[in-house]
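Subject: Handing over a structure, with notes

Dear colleague,

Here is the structure I promised to pass on to you. Please open it beside this message, so that you can follow the notes below residue by residue.

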Amino acid sequence: MKHSKSEKQIAGEKATDYIKDGMVVGLGTGSTVYYTIKRLGTLVKKGLKIEAVSTSSATTKLAKSLGIPLVSANDVSRIDVTIDGADEIDPRFYAIKGGGGALLYEKIVATISRKVICVVDSTKLTNQIGRFPLPVEVVPFAYKHVLKKLAKNGLEATLRLNEDKKPYLTDEKNMILDLRLGRIESPTELADWLNGIPGIVEHGLFIDLINEVMVGEKNLCKILKRKQDR
Ligand SMILES: O=C(CO)[C@H](O)[C@H](O)COP(=O)(O)O
């Protein structure tokens, strides 16, 4: 029996249409971009010549297993296009990322990319971000003080734990606090405020970083574009 593809698979695979010979490609993290990476592996086997920059140990493992050539971010002067998922995204392409814990590398890679394509299923689209808890990466040295500072400002946060109920550690060995906000009135203001708190390494608010969104909707892929690429 033939199974129909999921929305994630439809969007994830479609994004590989952008990848051409000679490109440096940023590879995001998660279950949607998984399909992008799988398809890229097939294309590389068929002769596509690319180099990829990975955003997490999980993506590195997958890309390596498929024979996709990897380079480190420091060894490239630019990334032509990055494909990554999102936890929520609004009509301005403001997004929450980091559900998979890779927000720091994802934001660095997005920032040095000429174009960022976000691949999502239709459940990720929202008019106002904030329903998904906002991941904030903190240095272990200061996490209790960051929690206190957030609480003092009325922001409820929880320390992310792994399956063993120990603090979840990112690839940089930092911790993650998940902020329950409900809705974010001003994502830019919140981003600036979080950036100013010592101990916070990065947060999952992606503002003015995403150029295009590919949305799997039923069995089709809808493409939403922002006016200008960087
Ligand atoms: O930001 C991320 C990982 O840090 C992911 O892109 C985000 O969590 C979406 O993942 P998925 O495609 O599995 O729904």
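I begin at the start of the chain, where Ser 6 lies in the segment before helix H1, which covers residues 7-14. Please keep in mind throughout that this is a predicted model. Ser 6 has 15 other C-beta atoms within 10 Å and is therefore partly exposed. Although Ser 6 and Glu 217 are 211 residues apart in sequence, their C-alpha atoms are 8.9 Å apart in space.

That pair leads on to the fold as a whole. The chain has six helices and 13 strands, and its C-alpha atoms fill a box of roughly 55 × 40 × 35 Å when this is taken along the principal axes. For 230 residues, a compact globule would have a radius of gyration near 17 Å, and the chain, with 17 Å, agrees with that. Of these 230 residues, 42% count as buried. If you consider the contacts with a separation of 6 or more, you will find that residues 24 or more positions apart account for 75% of them.

Next come the domains. The chain is divided into domain 1, made of residues 7-124 together with 207-219, and domain 2, made of residues 134-203. The C-alpha centres of the two domains lie 24 Å apart, and twelve residues of domain 1 are in contact with 13 residues of domain 2. On the side of domain 1 that touches domain 2, the largest share, four residues, comes from helix H4, which spans residues 103-111. Sorted by class, that side of domain 1 has six nonpolar residues, five polar residues and one charged residue.

Helix H4 deserves a second look. Seven of its nine residues are buried, so H4 is largely enclosed by the rest of the structure. The buried residues of H4 are Leu 103, Leu 104, Tyr 105, Glu 106, Lys 107, Val 109 and Ala 110, and you may notice that the list includes Glu 106 and Lys 107.

What about the nonpolar residues of the interior? In soluble globular proteins, nonpolar side chains tend to be buried together. Here the largest nonpolar core has 55 residues, and those with the most contacts inside it are Ala 95, Cys 118, Val 119 and Leu 177. Both domain 1 and domain 2 give residues to this core, so it lies between them. To follow one of its members, select Ala 95, which touches Ala 86, Glu 88, Ile 89, Cys 118, Ile 129, Phe 206 and Ile 210 when residues up to four places away in sequence are not counted.

Val 81, which is found in strand E3 (residues 79-84), can be examined in a similar way. Val 81 counts as buried because it has 21 C-beta neighbours inside 10 Å. Leaving aside neighbours within four places in sequence, Val 81 is in contact with Tyr 18, Ile 19, Met 23, Val 25, Ser 113, Arg 114, Lys 115 and Ile 117. Val 81 and Leu 209, which are 128 residues apart in sequence, have C-alpha atoms 12 Å apart.

Now to the ligand: which residues come nearest to it? Of the 17 residues around the ligand, these are Gly 30, Ser 31, Gly 85, Gly 99 and Gly 100. By class, the shell around the ligand has three nonpolar, ten polar and four charged residues.

Two backbone angles are also worth checking. Most residues other than glycine have a negative phi. Phe 93, however, has a positive phi, near 70°, and lies in the loop between strand E4 (88-89) and strand E5 (95-96). Asp 208 likewise has a positive phi, of about 55°, although it is not a glycine, and is found in the loop between strand E11 (205-206) and strand E12 (212-217). Are these two residues buried or exposed? Phe 93 counts as buried, because it has 20 C-beta neighbours inside 10 Å, whereas Asp 208, with 11 such neighbours, counts as exposed.

Finally, towards the end of the chain, Leu 220 is found in strand E13 (residues 220-225). Leu 220 is exposed, with 11 other C-beta atoms within 10 Å. Leu 220 and Arg 39 are 181 residues apart in sequence, and their C-alpha atoms are 17 Å apart in space.

With best wishes

Technical notes
Residues are numbered from 1 along each chain as its sequence is written. This is a predicted model: local features need pLDDT of at least 70, side-chain atom pairs count only at pLDDT 80 or more; totals for chains, interfaces and linings use all residues. A residue is near a molecule or strand if its C-beta atom, placed from the backbone, lies within 6 Å of it. Ala, Val, Leu, Ile, Met, Phe, Trp, Tyr, Cys and Pro count as nonpolar, Asp, Glu, Lys and Arg as charged, and the others, Gly among them, as polar. A nonpolar core is a set of buried Ala, Val, Leu, Ile, Met, Phe, Trp, Tyr and Cys residues joined through C-beta atoms within 7 Å. A residue is buried if 20 or more other C-beta atoms lie within 10 Å of its own, exposed if 12 or fewer, and partly exposed in between; C-beta atoms are placed from the backbone. Domain bounds come from an automatic or database domain assignment. Two residues are in contact if their C-beta atoms, placed from the backbone, lie within 7 Å. Helices (H or I, at least four residues) and strands (E, at least two) are DSSP runs, numbered from the N terminus. The radius of gyration is taken over C-alpha atoms; the globule rule is 2.2 Å times the number of residues to the power 0.38.
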